[in-house]
Amino acid sequence: MSRFQSTAKTYIRPMSGWWLKNPYFIRYMIREGSAVFLTLYALVLLAGLACLAWSPEAYAAWRGLLDTPLSLGFHVIALLLVAYHSLTWFQVMPKTAPKLPFDPRLIVRGGLAASAGLSLLILVLLWWVTR
Amino acid sequence: MKGSNEPVFWSLFGAGGVLSALIGPVLILITGIAVPLGFLLPEDTLSHANVLAFVQHPLGKLALLTVIALFLFHGCHRMLHSLHDLGFRTGTRAAFGFYGFATLGTVMTALLLLIW
């Protein structure tokens, strides 16, 4: 920053709450909010890993924390927001692609189908391996 | 002239975006809701023995490091750019903070996984 303070009062457009005036921007901000929860979720996993490394008791404490209303509430919101991120991610995909020789909606449907298929695969695999 | 570092961070953001779009919801459902409540999956799915076996396997390590690192880089990149949308003047210092945080989390995960 300059040592010389400008005496001119430049108008700076206020930024607070601009996105609340239009449903499109509200949805945009909800999607951006998914990043906060995704980051926190990664930290929850990292904390679990650290507890696992520390001692079996610490790991049990981490699991105990996961079974609290606060944690369950956090994960329900995180699930909804990240699912919304997932939907928007695949919706944006055809818009960033060059002219497609097929219906761009196929990319959206394909992405969502891949997500659903992989999710089911992980659930079944986990159930089968640990049973 | 030194090139921009944006492509590197955008690639990590993009990779994290794809990974979290594909399996983010199911991972949150499994570790945060289903297993703690014992619904869909039994509660001992994430027992000490099971998770220990997972992190001892090279593929388990790779999966966990990939998920944590890419989720962190995706989340931090998006938060950095959202701050700008909210009217904060983000500069090099903010970028350093957010990407540094994601890098730190990644390094910590990698070091922890080396224990087993």
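**Entry 1: burial and overall form of chain A**

I began with burial in chain A of this predicted model. Of its 131 residues, 30% count as buried. I then looked up the radius of gyration, which is 22 Å for chain A, whereas a compact globule of 131 residues would have one near 14 Å. Along the principal axes, the C-alpha atoms of chain A fill a box of roughly 70 × 50 × 25 Å.

**Entry 2: secondary structure and contacts of chain A**

I found four helices and zero strands in chain A. The pattern along the sequence reads α-α-α-α. I also examined how far apart in sequence the contacting residues lie. Taking contacts in chain A between residues at least 6 apart, I noted that 46% join residues at least 24 apart.

**Entry 3: a helix pair across the two chains**

I next turned to helix H1 of chain A, residues 23-54, and helix H4 of chain B, residues 92-114. Their axes come within 10 Å and cross at roughly 30 degrees. Angles under 35 degrees count as roughly parallel, and H1(A) and H4(B) are therefore roughly parallel to each other. I recorded the crossing of H1(A) past H4(B) as left-handed.

Which residues make the contact between H1(A) and H4(B)? From H1(A) I listed A:Thr39, A:Leu43, A:Leu46, A:Leu49, A:Ala50 and A:Ala53. From H4(B) I listed B:Phe101, B:Gly105, B:Met108, B:Thr109, B:Leu112 and B:Leu113. Sorted by class, this contact has nine nonpolar residues, three polar residues and no charged residues.

**Entry 4: a helix pair within chain B**

Within chain B, I looked up helix H1, residues 6-37, and helix H3, residues 58-85. The axes of these helices come within 7 Å and cross at roughly 115 degrees. The crossing of H1(B) and H3(B) is left-handed. I noted that the residues of their contact divide into 12 nonpolar, eight polar and two charged.

**Entry 5: the backbone at B:Leu40**

Finally, I checked a backbone angle in chain B. Most residues other than glycine have a negative phi. B:Leu40 is not a glycine, yet its phi is positive, at about 75 degrees. Where is B:Leu40 placed in chain B? I located B:Leu40 in the loop between H1 and helix H2 (48-56) of that chain. Is B:Leu40 buried or exposed? The relative accessible area of B:Leu40 is 55%. A residue counts as exposed over 50%, so B:Leu40 is exposed.

Terms used:
Residues are numbered from 1 along each chain as its sequence is written. Chains are lettered from A and ligands numbered from 1 in the order in which they are written. This is a predicted model: local features need pLDDT of at least 70, side-chain atom pairs count only at pLDDT 80 or more; totals for chains, interfaces and linings use all residues. Side-chain values use heavy atoms; hydrogens and water are left out. Axes are lines fitted to C-alpha atoms, for helices over the stretch in contact, and angles run from 0 to 180 degrees between N-to-C directions. Angles under 35 degrees count as roughly parallel, over 145 as roughly antiparallel, 65 to 115 as roughly perpendicular and the rest as oblique. A crossing is left-handed if the near helix is turned anticlockwise from the far one by less than a right angle, and right-handed if clockwise. Contact means heavy atoms within 4.5 Å. Ala, Val, Leu, Ile, Met, Phe, Trp, Tyr, Cys and Pro count as nonpolar, Asp, Glu, Lys and Arg as charged, and the others, Gly among them, as polar. The radius of gyration is taken over C-alpha atoms; the globule rule is 2.2 Å times the number of residues to the power 0.38. Buried means under 20% relative accessible area, exposed over 50%, partly exposed in between (1.4 Å probe, protein chains only).
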